[in-house]
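Today I went looking for empty space inside a protein. Here are my notes, with the structure to follow along.

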Amino acid sequence: MNRIIIFLLILTFFSCANKESQLAVSNDSPVAEELLEDTYLSQISAIKEFAKTHKKNETIAFMIDYSLHSGKNRFFVIDLEKQRILKRALVCHGSCKKDAKNNEKAKNFSNKNESFCTSLGMAVMGERAYSQWGKNYKYWIDGLEKSNSNMRKRVVVLHAWEHVPDEEIYPKPLVMSWGCPTVSIAFLDELDAILKKNKDVLLYSFD
C-alpha cells in the first residue's frame, strides 16, 4: 500500500513539473511574441500602411526600436500579414562621433554626412554588395524620409560584425557603429535568406 502511495506521489510530481515547463515563457515562445506585438501595434500598422501606399513589400518588414537599451534585442523581423514578430536580435546604434560614450541608449540621431549617428524613419532595403566587415557582404539602405534621406550617401548599410553577440547582454551595453544598423554574423545570415526571397523590404527605425 505504501509503495502505491509513493508511486502516485512521484507520478504527480513529474506530471506537474512537465506542465510547468510547458507553460514557461521563453524568448521564442508564441506568448512572448504576442506580448511584443501588443507593444508595437501602432508601429506595425504604420509599416503596413506605408508599404501599401508606396507599393513596397506588404508581406515582411524590419523594425528597430532604438529607445531600448543596446544590450537588449531591438531589431525585429515582422510578418505584416499576420502582424507577428518572427525574429529579434541585437543591433548597434551610431556613436555620433563626439558622443561616443553614450553606448547604452541612442539619444542623438542625424541625417548629416560624417555624423556617425543613426538615422530614424522609414527606409527600404537595397541591393546586396561586398563589405569588409563580418562575412564580407552588406545591404544598401535607401532612406524614404527627410530624417534619413542621406543613408546611401553616408554609406549607412546593414552589415555584420564579429563583436556583436547572438544573445542579449543586458545590462551590459553593446558596441557602437558609425551609424550603420550592425548585427551579429549569424543574424545577418538569417536576414540575408529573407532578403534573397523578398524585394522592397521596409526598415522602420524609431525611438
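These entries cover a pocket, a cavity and one residue.

**Ground rules.** I worked with a predicted model, where local features need pLDDT of at least 70, side-chain atom pairs count only at pLDDT 80 or more, and totals for chains, interfaces and linings use all residues. Residues are numbered from 1 along each chain as its sequence is written, and side-chain values use heavy atoms, without hydrogens and water.

**Pocket.** I looked up the largest pocket (an open set of points on a 1 Å grid over the protein atoms alone, with protein on both sides within 12 Å along at least five of seven lines). Its space is about 460 Å³. I counted 20 lining residues (those with an atom within 4 Å of a point). Nearest the centre of the pocket are W133, V155, H159, W178 and C180.

**Cavity.** Next I searched the whole structure for cavities (grid points where a 1.4 Å probe fits but cannot get out). I found 1 of 30 Å³ or more. The largest cavity holds about 30 Å³, and its lining includes Y66, T118, M151 and G179.

**T118.** I picked this one from the cavity lining. T118 sits in the loop between β3 (84–89) and β4 (121–130); strands are DSSP runs of E, at least two residues, numbered from the N terminus. Is T118 buried or exposed? T118 is buried (under 20% relative accessible area, with a 1.4 Å probe and protein chains only), because its value is 3%. Its side chain reaches the backbone nitrogen of G94 at 2.8 Å. Leaving out residues up to four places away in sequence, T118 touches Y66, H93, G94, F109, S110 and G179 (contact means heavy atoms within 4.5 Å).

Notes:
Points joined across faces, edges and corners; volume = space filled by probe spheres on them. Helix = DSSP H or I, 4+ residues; strand = E, 2+ residues; numbered from the N terminus. Buried < 20%, exposed > 50% of the residue type's maximum accessible area, 1.4 Å probe, protein only. Polar contact = N/O pair within 3.5 Å; in protein donor to acceptor, adjacent residues only side chain to side chain.
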